[in-house]
Amino acid sequence: MRRKALGTLLAVSAFVAPAVVIAAPAEAAPTIATRVASYSAGPATVVRGNAITVQGQMQRASGRTWVKTAAVPVVVYFDPDGTKPNAAVRTVKTNATGYFKTSFPASVTGKWSVRMPATGALKASGTGQVTVRVVAPAPTSAKPVSKWNCPAWAPIKGNAPSKIYHLRGQRYYNATTPEICFSTEAAAVRAGYRKSKV
């Protein structure tokens with residue numbers, strides 16, 4: 001009797017039930033359309049070192065209308081030479097009214113775009129590329145065009161030995177032979193010159 005019971009126990013313990021795998025529920029695919037409204041990157045032309053601003057508003061479809069979409073991530077992309085359209089440079093979040101705004105120091109000409117990745121029920125969306133042209137700062141000083149004259153765009157005469165600058169209409173303007181000419185008084189002051197008193 002004991003042998004029979006032991007044999008039954010061994011037979012049961014040797015039986016291995018097939019493993020049951022329970023699949024995790026698949027994440028639902030995004031179903032709500034989104035868009036970037038009022039997108040801009042600029043100004044269209046900017047002096048190197050000044051700011052380029054990228055901004056817009058994320059919206060989602062709600063029936064037949066578009067509504068603001070707060071607290072969603074927006075990725076900013078910059079392509080300097082046409083070979084890096086997917087080079088992400090910053091991620092920002094929209095504010096309570098769906099707007100985002102961020103700035104970058106201008107360094108080189110290139111194309112700016114933004115994308116919102118799929119988030120929960122929201123579908124991904126993005127913008128086209130906007131080109132911002134970056135230019136070198138305008139010169140603020142120049143050499144005289146002749147012994148007595150400065151170029152028209154830089155009419156302020158700078159006298160190097162005295163470190164004094166002279167404006168048109170001042171008493172010694174015509175009598176001054178400039179060593180350097182300035183476009184603005186601020187440029188002259190930055191170069192270490194002071195304004196003539198007469």
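**Entry 1: ground rules and overview**

Two strands count as paired if DSSP finds at least two bridges between them. I need that before I look at who stands opposite whom. I also keep in mind that this is a predicted model.

I started with the confidence numbers. The mean pLDDT of the protein is 89, and 86% of its residues reach 70 or more. The stretch I set aside is residues 5-17, where pLDDT stays under 50. For those residues the model has zero contacts beyond four places in sequence.

Next, the inventory. I get two helices and 15 strands for the protein. Of its 198 residues, 31% are buried. The protein exposes about 12,700 Å², and carbon and sulfur atoms supply 59% of that area. I then looked at contacts between residues at least 6 apart in sequence: 59% of them join residues at least 24 apart.

**Entry 2: strand β10 and its partners**

I went to β10, residues 130-135, and asked which strands pair with it. Strand β2 (residues 45-47) is one partner: three bridges join it to β10, and the two run parallel. Within that pairing, Val47 stands opposite Val135 of β10. β8 is another partner, this time in the antiparallel sense, again over three bridges. Here I noted Gly110 opposite Val132 in β10.

I picked Val134, which lies in this strand, for a closer look. Is Val134 buried or exposed? The cut-off for buried is under 20% relative accessible area. Val134 has 11% relative accessibility, so it counts as buried.

What does Val134 touch, leaving out residues up to four places away in sequence? I listed Val46, Arg48 and Ile52, plus the run Ala106, Ser107, Val108 and Thr109. I also checked the C-alpha atoms of Val134 and Arg48: they are separated by 5.7 Å, although these residues are 86 apart along the chain.

**Entry 3: strand β5**

I turned to β5, residues 73-79. Six of its seven residues are buried, so the strand is largely enclosed by the rest of the structure.

I looked up its pairings too. With strand β6 (residues 88-93), β5 pairs in the antiparallel sense over five bridges; Val76 stands opposite Arg90 in β6. Five bridges also join β5 to strand β8 (residues 110-116), and these two run antiparallel as well. On that side I noted Val75 opposite Arg115 in β8. A reminder to myself on faces: in a regular strand the side chains alternate between the two faces of the sheet.

**Entry 4: nonpolar cores**

Which residues have the most contacts inside the largest nonpolar core? That core has 21 residues, and the ones with the most contacts in it are Tyr39, Ile52, Val54, Met58, Phe100, Trp112 and Val114. The elements giving two or more residues to this core are β1 (34-42), β3 (51-62), β5, β7 (99-105), β8 and β10.

I took Phe100 as the example. Leaving out residues up to four places away in sequence, its contacts include Val36, Tyr39, Val54, Met58, Val74, Val92 and Val114. The polar names in its contact list include Gln55, Gln57, Lys93 and Thr94.

There is a second, separate core of seven residues; Ile156, Leu167, Phe182 and Tyr193 are among them.

**Entry 5: the disulfide and the five-stranded sheet**

How many disulfides does the structure hold? One. It joins Cys150 to Cys181, with 2.1 Å from S to S. The angle about the S-S bond is -80°, making the link left-handed. Cys150 lies in the loop between β11 (141-142) and β12 (156-159), and Cys181 in strand β14 (residues 180-182), so the pair ties together parts that are 31 residues apart in sequence. I checked burial for both: Cys150 is buried, and so is Cys181.

Strand β14 led me to its sheet. This is an open sheet of five strands in the order β11-β14-β12-β13-β15, with mixed pairing. Why is one side of β11 and of β15 left without a neighbour in the sheet? Both stand at the edges with a single partner strand each, so one side of each has no neighbour there.

The last thing I looked up was the β15 edge. Strand β13 (residues 164-166) pairs with β15 in the parallel sense over two bridges. Within β15, Lys195 is the bridge partner of Tyr165.

Conventions
Residues numbered from 1 in each chain as written. Predicted model: local features only at pLDDT ≥ 70, side-chain atom pairs only at ≥ 80, totals over all residues. Heavy atoms only, no water. Disulfide = S-S within 2.5 Å. Helix = DSSP H or I, 4+ residues; strand = E, 2+ residues; numbered from the N terminus. Buried < 20%, exposed > 50% of the residue type's maximum accessible area, 1.4 Å probe, protein only. Contact = heavy atoms within 4.5 Å. Areas by Shrake-Rupley, 256 points an atom, 1.4 Å probe, with all protein chains shown as cover. pLDDT = per-residue confidence, 0-100. Core = buried A, V, L, I, M, F, W, Y, C linked by side-chain atoms within 4.5 Å.
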